[in-house]
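Dear colleague,

Please find below the structure that I agreed to pass on to you. My notes on it follow directly after.

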Amino acid sequence: MKESRPATGGAVPRVFVLQTPVELARAAAGRLWGIARERADTGSVHIGLSGGETPRKAYETLAEEPYRTRFPWEAVHFWQVDERFVPPGDPRSNRRMIWEALLSRVPVPPGHFHGFDTSLADPAAAAEAYEAALRSAFPDGSRKIPRLDAVVLGIGADGHTASLFPGTAALLSGKDLALATVGGDPPVPRVSMALPLLNHAGGILFLVQGSGKAKALREAVAAARDASLRSPALPAGLVAPKRGTAIFLVDPEAAGLLPLSWRAAG
Ligand code: 6PG
């Protein structure tokens with residue numbers, strides 16, 4: 001069945017409902033492996049990794065067979081999508097989660113993980129340092145905004161994604177690559193990829209689990225399908241890669257409010 005093209009003119013966002021957390025994690029790991037394997041021949045591959053809890057199992061799965069042996073670790077650069085501005089060892093640290101679930105278990109070459117440095121003076125300094133790392137990793141001056149190959153994102157029940165929270169000034173900051181912001185529950189200072197960088201990615205992979213996300217997911221998919229629905233009130237709905245694809249890997253609980261016609265077959 002040909003899916004109707006969204007009003008955005010971009011690719012139709014594709015929603016896959018996976019029945020268990022293990023299936024969802026395997027689907028995510030499989031897609032990341034597919035992107036990395038396909039792009040590794042072109043040189044470096046750049047993948048953004050979100051924090052929070054949902055992606056943990058996907059990262060752990062990527063660190064296990066069959067992916068551990070087959071993934072082209074030597075060609076891939078991993079970029080932190082966002083960080084709470086807490087010390088690296090802090091239980092709230094996204095970097096700590098990514099290290100525990102993935103980086104500590106696989107042969108990623110030195111210098112192939114690019115995180116936000118929360119030992120710097122403040123989030124603005126961390127955002128600046130991160131931007132410098134991006135610019136040196138993508139020396140091609142023709143690209144004002146680097147094109148990451150894929151970015152793993154989550155969605156909060158309030159519709160935030162990365163550390164872009166509803167109605168915050170960060171959304172209208174005019175920053176292209178990275179920015180300092182505040183958010184979460186309880187709110188903490190944060191650093192995050194900016195929307196233009198996310199929307200230049202070749203692919204966005206949303207991982208969403210739980211009935212608490214059902215409303216935000218429905219609104220995000222609706223906005224991905226129809227640009228007229230986009231609003232700073234729902235940052236996850238502002239993510240729509242211009243020349244890429246948005247894939248949603250969700251569980252049945254999160255998909256509870258999605259029309260059947262929005263779900264990809266198979
Ligand atoms: C963070 C994450 C954030 C996350 C959502 C969903 O720093 O909290 O980057 O954007 O993706 O809050 O979090 P869960 O996966 O824990 O539900």
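Pro66 sits in the loop that links helix 2 (54-62) to helix 3 (67-70). The peptide bond leading into this proline from Glu65 is cis, with omega near 5°. Please bear in mind that this is a predicted model.

A second cis peptide bond is the one that joins Asp185 and Pro186, where omega is about 5°. Pro186 also belongs to a loop, in this case between strand 7 (178-183) and strand 8 (188-193). These two bonds deserve mention because most peptide bonds are trans.

The backbone has a further feature at Ala162, whose phi is near 50°, a positive value in a residue other than glycine. Most residues other than glycine have a negative phi. Ala162 lies in the loop between strand 6 (150-153) and strand 7.

Ala162 also leads to the ligand, as it is listed among the closest of the 14 residues that surround the ligand, together with Glu53, Thr54, His160 and Lys213. Sorted by class, this shell consists of 2 nonpolar, 7 polar and 5 charged residues.

Which side chains place a polar atom 2.8 Å or 3.0 Å from an oxygen atom of the ligand? For Asp82, the distance from a polar side-chain atom to a ligand oxygen is 2.8 Å. For Arg190, the corresponding value is 3.0 Å. In addition, an N or O atom in the side chain of Lys213 is 2.7 Å from an oxygen atom of the ligand. Taken alone, the ligand exposes 420 Å², and the protein buries 87% of that area. As for its location, the ligand takes up the space of the largest pocket.

Turning to the overall fold, the protein chain comprises 7 helices and 10 strands. Its radius of gyration is 17 Å, close to the 18 Å that the globule rule gives for 266 residues, so the chain is as compact as a globular protein of that length. Along the principal axes, the C-alpha trace of the protein chain spans about 45 × 45 × 40 Å.

With kind regards

Notes:
Residues are numbered from 1 along each chain as its sequence is written. This is a predicted model: local features need pLDDT of at least 70, side-chain atom pairs count only at pLDDT 80 or more; totals for chains, interfaces and linings use all residues. Side-chain values use heavy atoms; hydrogens and water are left out. A residue is near a molecule or strand if one of its heavy atoms lies within 4 Å of it. A polar contact is a pair of N or O atoms within 3.5 Å; within protein, one must be able to donate a hydrogen and the other to accept it, and residues adjacent in sequence count only if both atoms are side-chain atoms. Accessible areas come from the Shrake-Rupley method with a 1.4 Å probe; for residues, only the protein chains shown count as cover. On a 1 Å grid over the protein atoms alone, a cavity is a set of points where a 1.4 Å probe fits but cannot get out, and a pocket is an open set with protein on both sides within 12 Å along at least five of seven lines; lining residues have an atom within 4 Å of a point. A molecule sits in a cavity or pocket if more than half of its atoms lie within 2 Å of its grid points. Ala, Val, Leu, Ile, Met, Phe, Trp, Tyr, Cys and Pro count as nonpolar, Asp, Glu, Lys and Arg as charged, and the others, Gly among them, as polar. Helices (H or I, at least four residues) and strands (E, at least two) are DSSP runs, numbered from the N terminus. The radius of gyration is taken over C-alpha atoms; the globule rule is 2.2 Å times the number of residues to the power 0.38.
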